[in-house]
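Visitor: I'd like to learn how to read a model like this one. Could you walk me through a few features?

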Amino acid sequence: MTLHITEEAPSPIVVRRQPARLWRPRRVLVTPAALDHAHGRQIVARAEDLGLPVERLKSNRLTGMRDENPRRAYTEAKSTLAVVTAPPTKLKLQPIPPSADWRFDLAEGCPAHCQYCYLAGSLSGPPVTRVYANLDAILGNLENYLGQGGVTSASQTRAAEGTTFEASCYTDPLGIEHLTGSLSAAIRHFGAWEAPVQLRFTTKFAAVEPLLGLPHRGRTRVRFSVNAAAAARYEGGTAPLADRLAAMGALAGAGYPIGLTIAPILPVEEWREAYDALLRDAAEALADVREPDLTVELITHRFTPGSKTVLEGWYPGSDLPMREAERTRKLTKFGSVKYVFPGDMMKTMRAHLTERIAVRLPTARILYWT
């Protein structure tokens with residue numbers, strides 16, 4: 001199967017550094033409990049300094065966000081930032097294979113508008129971006145999980161990463177960093193942590209300037225979620241690919257371990273050339289960095305019946321291919337259904353991308369294909 005998207009042959013992406021466009025929510029809601037925390041008050045101050053309207057709620061519940069029209073509810077929620085406290089369940093960390101030993105959440109929800117959104121169907125209610133005010137408790141809890149992971153800590157090939165903590169499972173922390181400061185705080189926390197640990201996060205944004213001078217000490221790996229140009233058109237509200245690649249080069253120059261998360265891989269028209277062009281541009285972005293510490297994660301597109309229903313409500317005009325007849329039906333480890341590409345196609349795409357990564361980015365380590 002090939003997606004018939006007509007476009008010219010891939011041309012090099014011009015890597016540039018320019019001021020990043022920052023998300024400005026139309027509403028900022030803050031709960032009373034969030035204001036009990038210094039970090040919550042700092043987030044409110046940041047919002048007010050940007051001239052954003054802040055509404056101080058009378059209770060700790062977010063109400064009035066639902067609408068019978070899913071598109072209208074989506075639009076309202078996506079323009080809302082809520083400053084809340086993480087519930088106690090968030091302090092009971094879960095493993096997040098194949099990425100990391102554990103996931104922890106600085107926030108939940110994302111300001112981007114990706115038509116394949118991985119959060120669709122996995123988060124309940126309208127997609128409000130909730131940021132957590134009790135940051136001290138969240139970061140202080142991590143030490144309880146040191147050395148106990150079963151993903152990287154138990155892997156001979158990845159043991160050098162130490163105990164790994166994924167911070168972007170349910171959010172894009174860089175996309176909201178100008179409002180929260182939570183990501184910078186986490187990077188400083190890991191930099192000061194005298195233990196074999198690593199903070200990991202993935203982003204589709206490019207506003208990395210606040211991170212460049214932080215004392216990260218090589219304990220934060222920043223991965224940029226990228227795609228072939230024909231597939232990246234499904235990623236509304238994100239930084240352009242060129243900006244993401246330029247940001248990756250800037251962080252590598254600042255000594256950060258970096259990564260490419262190529263996702264979701266789609267068999268777009270002339271997909272071999274399209275993904276090779278992406279890898280060529282990534283190599284160009286790193287041309288001035290000597291032996292960058294670079295990893296690659298390869299994630300193919302998949303969907304569930306629930307996520308498909310949600311996404312079709314959010315993006316009714318999308319032509320993202322989600323036809324069950326063109327996929328292979330599989331069961332997850334939890335017994336739910338997901339639809340992936342047929343086996344032969346997966347093997348072909350994996351072989352091609354693996355070969356081109358070895359050519360374009362010879363020092364990169366491929367962590368996994370899924």
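**Reading salt bridges, helices and cores**

Guide: Let's begin with a charged residue: Arg56 has a relative accessibility of 45%, so it counts as partly exposed. Keep in mind throughout that this is a predicted model.

Visitor: Which residue does Arg56 meet in a salt bridge?

Guide: Its partner is Glu48, with N to O at 3.1 Å. Glu48 is partly exposed because its relative accessibility is 41%.

Visitor: What about the pair Arg244 and Glu235: buried or exposed?

Guide: The cut-off to use is that buried means under 20% relative accessible area. Arg244 comes out at 2%, so it is buried. Glu235 has 5%, so it is buried as well. In the salt bridge between these two, the closest N and O atoms are 2.8 Å apart.

Visitor: How many salt bridges does a search of the whole structure find?

Guide: The search gives 22. Some share partners, and one network formed that way joins Arg158, Glu161, Glu166, Arg200, Arg223 and Glu297.

Visitor: Where in the chain do Glu161 and Arg200 sit?

Guide: Glu161 is in the loop between helix 3 (135-140) and strand 9 (163-166), while Arg200 belongs to strand 10 (residues 197-203). They are 39 residues apart, and the pair links distant parts of the chain. Their side chains meet in a salt bridge at 3.9 Å, N to O. Both Glu161 and Arg200 are buried.

Visitor: Now helices. How do I read a packed pair?

Guide: The general idea is that two packed helices are described by the angle between their axes and by the distance between those axes. Here, take helix 8 (residues 241-253) and helix 9 (residues 271-285): they pack at about 35°, and their axes are 8 Å apart. The crossing of helix 8 and helix 9 is right-handed.

Visitor: Which residues make the contact between helix 8 and helix 9?

Guide: Helix 8 brings Leu245, Met248 and Gly249, and helix 9 brings Asp281, Ala282 and Ala285. Sorted by class, this contact has 4 nonpolar, 1 polar and 1 charged residues.

Visitor: And how should I think about nonpolar cores?

Guide: In soluble globular proteins, nonpolar side chains tend to be buried together. In this model the largest nonpolar core has 94 residues. Those with the most contacts inside it are Phe104, Phe165, Leu211, Leu260, Ile262 and Tyr275. Helix 9 turns up again here, giving the most to this core with 7 residues.

Visitor: What does Phe104 touch, not counting residues up to four places away in sequence?

Guide: Phe104 touches Leu93, Ile138, Leu139, Leu142, Phe165, Glu166, Ala167, Phe190 and Leu199. Apart from the largest core lies another, of 15 residues, including Ile43, Ala133, Ile176 and Leu179.

Visitor: Phe190 is on that list. How many residues of helix 5 (residues 182-192) are buried?

Guide: Helix 5 is mostly covered, with 8 of its 11 residues buried. Phe190 is one of them, and the others are Ser182, Leu183, Ser184, Ala185, Ala186, Ile187 and Gly191.

Visitor: Let's finish with one strand residue. Why does Thr295 count as buried?

Guide: Thr295 counts as buried because its relative accessibility is 0%. You'll find Thr295 in strand 14 (residues 294-300). Leaving aside neighbours within four places in sequence, Thr295 is in contact with Arg221, Ile258, Gly259, Leu260, Arg365 and Leu367. For a sense of distance, Thr295 and Glu166 are 129 residues apart in sequence and 15 Å apart in space, C-alpha to C-alpha.

Conventions:
Residues numbered from 1 in each chain as written. Predicted model: local features only at pLDDT ≥ 70, side-chain atom pairs only at ≥ 80, totals over all residues. Heavy atoms only, no water. Axes fitted to C-alpha atoms, helices over the stretch in contact; angles between N-to-C directions. Helix = DSSP H or I, 4+ residues; strand = E, 2+ residues; numbered from the N terminus. Left-handed = near helix turned anticlockwise from the far one by under 90°. Contact = heavy atoms within 4.5 Å. Nonpolar A, V, L, I, M, F, W, Y, C, P; charged D, E, K, R; others polar. Core = buried A, V, L, I, M, F, W, Y, C linked by side-chain atoms within 4.5 Å. Buried < 20%, exposed > 50% of the residue type's maximum accessible area, 1.4 Å probe, protein only. Salt bridge = Lys/Arg side-chain N within 4 Å of Asp/Glu carboxyl O.
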